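Okay, thanks for coming, everyone. I'll put the structure up and then walk through it piece by piece.

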Amino acid sequence: MILRISLITICLFFVWDIAFSQTHFFTLTGQEIDLPTHSFNVTKVIDERVDKANIGWTQKGMANIKVNAGFADSFENEIINFINHNLGANGPNIQLIIRKLKISEKTGLSKETGFCELAIDFLLEEESQKFMVLQTSVTTEVTGMDVTKKHPHNIASAFKLSFEKLALVDLSGTENFLALPSDGSFTQISDSLKYSFPVFLQEIKTGIYADYEELKNNSPSNTEDFYIEKKERKVNPWNGTFEVIPKFQESAQKVKKVWAIALDGQVYVYHQKEFFPLTIEKYKLYFYGYGVPDYQSISTGAMIGGLIGAGITSGIENSNAKKQKVKYYLNPGTGGFEEIILEKEAK
């Protein structure tokens with residue numbers, strides 16, 4: 001009996017080791033995105049991801065073993081072939097700087113959820129000059145019993161959403177865009193020029209903000225009257241702070257699944273099913289929120305999905321998250337997370 005158990009253990013370990021060392025390859029060939037009224041000529045894709053070793057991870061086998069994910073072709077070729085297949089070669093000349101493309105999965109009791117985090121800088125080519133016209137950061141999700149095969153479609157959806165945002169930008173002139181240095185560098189430009197957005201320059205309007213683009217432009221899409229109730233937190237490390245509960249004036253229903261709300265100049269971001277005060281100062285954005293459980297399979301960027309899209313605000317799955325007080329810095333251009341610092345933790 002002992003020998004049999006030992007053999008089973010060795011076999012399981014062998015299977016685990018093989019699966020863990022593998023990379024699961026995806027292709028975007030054949031994926032379609034529908035942008036019938038707009039066309040762009042994408043001339044170049046520049047890979048500026050911090051981690052270029054993979055595009056995230058997926059799960060394989062009955063044991064849902066985590067393995068790295070990659071593209072069948074080179075990163076740049078996979079993206080530009082996919083985009084040119086869908087967008088053709090008409091319209092303004094656009095370069096894409098991919099800051100982030102990462103997939104991940106989360107396993108629930110009855111289904112799996114796949115995520116794609118995508119951050120893009122869109123540059124407009126005008127003769128020999130390049131202009132920064134838009135920075136986007138989106139997260140898309142797909143669900144099912146097994147989402148591995150659905151990742152290419154979900155990646156395509158993230159690109160579609162990003163290009164839909166680009167389609168809203170007037171590219172007929174360049175006077176409102178930031179001209180980049182001849183080497184295309186974005187780091188040489190001062191924050192006051194890079195981030196001259198209304199969110200930093202104007203008094204914040206009261207309203208409900210569906211995404212960061214609305215807040216960045218100080219343009220809430222929902223201005224329905226609401227009020228705020230506050231409930232004191234009485235556990236460490238949150239003593240002295242308040243849970244913020246916004247409710248619509250007429251129905252008294254809770255406001256939820258939005259990017260943020262603002263009332264009397266104070267912004268509150270939606271994070272893990274609660275609202276937290278957002279500090280806006282000197283072209284920096286940050287807030288204090290709950291932590292991310294160590295075991296959590298979803299990537300950190302998607303976990304703070306209230307900053308990316310209401311669909312990812314899945315809430316806290318472990319009470320340990322409330323024992324942490326974490327400082328989240330947000331990217332002023334995209335609203336995506338930039339730095340995460342654990343400030344306090346209750347023992």
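Let's start in a loop: R233 sits between β10 (226-232) and β11 (242-248). One thing to keep in mind is that this is a predicted model. So, is R233 buried or exposed? It counts as buried, because its relative accessibility is 9%, under the 20% cut-off. If you skip residues up to four places away in sequence, R233 touches W238, N239, G240, T241, F242, E243, E274, F275, F276 and Y290.

While we're in that loop, have a look at P237, which also lies between β10 and β11. The peptide bond from N236 to P237 is cis, with omega near 0°. As background, most peptide bonds are trans, and most residues other than glycine have a negative phi.

That brings me to the backbone oddities. N218 isn't a glycine, yet it has a positive phi of about 50°. You'll find N218 in the loop between α6 and β10, and it counts as buried because its relative accessibility is 1%. Then there's Y283, again not a glycine, with a positive phi near 65°. Y283 is in the loop between β14 (274-281) and β15 (284-289). With a relative accessible area of 22%, Y283 is partly exposed.

Let me zoom out for a second. The protein has 7 helices and 17 strands. Out of 347 residues, 49% are buried. And if you take the contacts with a separation of 6 or more, 62% of them are between residues 24 or more positions apart.

Now the sheet I'd like you to look at. In what order do its 5 strands run? It's β2-β5-β6-β7-β8, an open sheet with mixed pairing. The edges are β2 and β8 (178-179), each pairing on one side only.

Walking across from β5, that strand pairs with β6 in the antiparallel sense, over 13 bridges. A hairpin through 4 residues joins the two, and K102 stands opposite E117 in β6. β6 itself is mostly covered, with 14 of its 15 residues buried.

Next door, β6 and β7 are antiparallel too, over 15 bridges. Here D121 stands opposite Q135 in β7. Their hairpin has 2 residues between the strands, and E127 takes a positive phi near 60° there. Then β7 pairs with β8, antiparallel again, over 2 bridges, and M132 stands opposite L178 in β8.

On to the packing. The largest nonpolar core has 39 residues, and L96, L101, F159 and F163 touch the most other members. Which elements supply at least two residues each? They are β2 (41-47), β4 (65-71), α2 (75-87), β5 (93-107), β6 (112-126), β7 and α3 (151-167). α3 gives the most to this core, 7 residues. Take F163 as an example: leaving out residues up to four places away in sequence, F163 touches L35, F40, V42, I83, L87, L96 and F122. Apart from that core lies another one, of 22 residues, with Y209, L215, Y290 and Y328 among them. You may remember Y290 as one of the residues R233 touches.

Last stop, the second largest pocket. The general idea is that rolling a probe the size of a water molecule over the atoms shows where empty space is left. In the second largest pocket, that space comes to about 570 Å³. The lining has 21 residues, and V133, L134, F197, K216 and N217 lie nearest the centre. By class, that's 11 nonpolar, 4 polar and 6 charged residues. β7 (129-144), α4 (191-194) and α6 (212-216) each supply at least two lining residues, with the largest share, 4 residues, coming from β7.

I'll finish on V133, which is in strand β7. V133 counts as buried, at 11% relative accessibility. Setting aside neighbours within four places in sequence, V133 is in contact with F122, L124, L166, V169, L171 and F177. F122, by the way, is also one of the residues touched by F163. And V133 and T174, 41 residues apart along the chain, have their C-alpha atoms separated by 8.6 Å.

That's my tour, so let's open it up for discussion.

Key. Residues are numbered from 1 along each chain as its sequence is written. This is a predicted model: local features need pLDDT of at least 70, side-chain atom pairs count only at pLDDT 80 or more; totals for chains, interfaces and linings use all residues. Side-chain values use heavy atoms; hydrogens and water are left out. On a 1 Å grid over the protein atoms alone, a cavity is a set of points where a 1.4 Å probe fits but cannot get out, and a pocket is an open set with protein on both sides within 12 Å along at least five of seven lines; lining residues have an atom within 4 Å of a point. Grid points are joined across faces, edges and corners, and a volume is the space filled by probe spheres set on the points. Ala, Val, Leu, Ile, Met, Phe, Trp, Tyr, Cys and Pro count as nonpolar, Asp, Glu, Lys and Arg as charged, and the others, Gly among them, as polar. Buried means under 20% relative accessible area, exposed over 50%, partly exposed in between (1.4 Å probe, protein chains only). Contact means heavy atoms within 4.5 Å. A nonpolar core is a set of buried Ala, Val, Leu, Ile, Met, Phe, Trp, Tyr and Cys residues joined through side-chain atoms within 4.5 Å. Two strands pair if DSSP finds at least two bridges between them.
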